[in-house]
Amino acid sequence: MYGEFDLTLPQTLQEAVKALNAAGKDAVPLAGGTNVLIDLRSQRLVPKQIMDLGRVPGLRGIVVEGGRVTLGARTTVSDLLASPDIARCGPALVQAATVFAGQMVRNTATVAGNIACGSPAADLVPPLLSLDAEVTLTSTRGSRTVALCDYYTGYKADARAPDELITAISWPVPEANTFGTFYKLARRKGDAITVNGVAVSIGISDGRCVRARIALGSVAPIPMRACNAESLLEGQVLTPERIAAAAKAAAEECSPIDDVRATGAYRRRMVEVLVARLVENAVQAMT
Ligand SMILES: Cc1cc2nc3c(=O)[nH]c(=O)nc-3n(C[C@H](O)[C@H](O)[C@H](O)COP(=O)(O)OP(=O)(O)OC[C@H]3O[C@@H](n4cnc5c(N)ncnc54)[C@H](O)[C@@H]3O)c2cc1C
């Protein structure tokens with residue numbers, strides 16, 4: 001059963017940040033509710049106040065302008081799937097959205113909710129990390145932008161102050177010579193928590209790698225970039241040996257744990273296999 005809480009229904013962003021400023025840690029923002037409602041029911045979450053963002057205008061939508069893609073915080077997983085702009089400017093995100101939960105959850109689960117829940121297994125985060133995404137945080141003090149790669153400060157801990165809302169997520173439109181992809185390894189095809197999530201974004205020019213982003217989910221306390229692996233690829237010709245060395249480095253720099261879904265050793269091995277496979281696929285797609 002649910003505990004007792006006050007429900008706030010702000011009608012504007014100003015009202016929302018003002019109420020959040022007054023309530024601080026006592027208020028929990030509610031977007032699609034696909035995490036919050038479960039946590040309320042199990043009483044893992046016992047808030048004094050729930051702030052439903054559903055009536056705040058301007059928080060949902062996808063805009064491509066000035067060389068950047070911007071998602072409103074309440075953009076849903078289904079919105080991503082329906083968008084030709086996301087297909088063009090974030091194909092890895094589309095692949096993550098395709099294997100995200102089931103249709104009903106996709107229709108209500110939001111991008112900001114996925115980022116803010118702080119799960120290392122959050123499926124939209126590795127693709128967004130591979131795109132160099134930034135998170136816009138808004139409070140009564142104004143807005144600030146945090147690179148997604150700096151957003152998480154520890155397991156379920158982040159850079160968001162209690163009086164801030166995520167209002168947007170944005171990234172630069174990828175260069176034409178860039179290929180992005182994502183793979184979710186899980187125990188079932190649908191409605192499964194990720195064992196390993198891997199997103200890569202590879203750019204090649206004149207036969208050399210000019211951009212390498214490798215982002216990993218479910219293999220560390222936070223969704224992470226495999227920066228050592230990336231640096232082994234950038235500036236290099238992507239030979240099978242070079243790719244294998246980068247995949248090995250990615251496996252070495254993650255820190256997976258054993259849980260009910262897989263052992264840490266299996267996850268680490270799968271990072272090596274999947275990073276190699278996804279980078280090879282990217283190279284093949286661009287040659
Ligand atoms: C059956 C089922 C299947 C699922 N499958 C997947 C899956 O395949 N992959 C996956 O990654 N996740 C999955 N999830 C988890 C969940 O659906 C996602 O994390 C989803 O993106 C959460 O978004 P939401 O809008 O529902 O967030 P909510 O539940 O509304 O909120 C989640 C958290 O984010 C905070 N929050 C929301 N919006 C904001 C904001 N604008 N600013 C600041 N904080 C905010 C809330 O306070 C809360 O802490 C699943 C959940 C269920 C129930």
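## Close-up views of a predicted model

**View 1. The open sheet of domain 3.** In this predicted model, 4 strands form an open sheet in the order β11-β12-β13-β14, with antiparallel pairing; two strands count as paired if DSSP finds at least two bridges between them, and strands (E, at least two residues) and helices (H or I, at least four residues) are DSSP runs numbered from the N terminus. The edges are taken by β11 (178–185) and β14 (224–225), each of which has a single partner strand, so one side of each is left without a neighbour in the sheet. Strand β13 (residues 208–217) is joined to β14 by 2 bridges, and the two run antiparallel; Ala215 stands opposite Arg225 in β14. Residues are numbered from 1 along each chain as its sequence is written. Because the model is predicted, local features need pLDDT of at least 70 and side-chain atom pairs count only at pLDDT 80 or more, whereas totals for chains, interfaces and linings use all residues.

**View 2. Helices lying across the sheet strands.** Helix α12 lies across β11, β12 and β13, running at about 30° to β12, while α5 lies across β11 and β12 (196–205), at about 20° to β11. Axes are lines fitted to C-alpha atoms, for helices over the stretch in contact, and angles run from 0 to 180 degrees between N-to-C directions.

**View 3. The packing of α11 with α12.** Helix α11 (residues 240–253) and helix α12 (residues 264–286) pack at an angle of about 145°, their axes being 8 Å apart. The contact (C-beta atoms, placed from the backbone, within 7 Å) includes Ile243, Ala244 and Lys248 of α11 and Arg268, Val271 and Glu272 of α12. Its residues divide into 10 nonpolar, no polar and 4 charged, where Ala, Val, Leu, Ile, Met, Phe, Trp, Tyr, Cys and Pro count as nonpolar, Asp, Glu, Lys and Arg as charged, and the others, Gly among them, as polar.

**View 4. The contact of domain 2 with domain 3.** The chain is divided into domain 1 (6–55), domain 2 (62–172) and domain 3 (178–286), with bounds from an automatic or database domain assignment. The centres of domain 2 and domain 3, taken over C-alpha atoms, are separated by 20 Å, and their contact takes 22 residues from domain 2 and 23 residues from domain 3. On the side of domain 2 that touches domain 3, α5 (91–98), α8 (125–130) and β8 (152–154) each supply at least two residues, and the largest share, 5 residues, comes from α8. That side of domain 2 comprises 16 nonpolar, 5 polar and 1 charged residues.

Terms used
Two residues are in contact if their C-beta atoms, placed from the backbone, lie within 7 Å.
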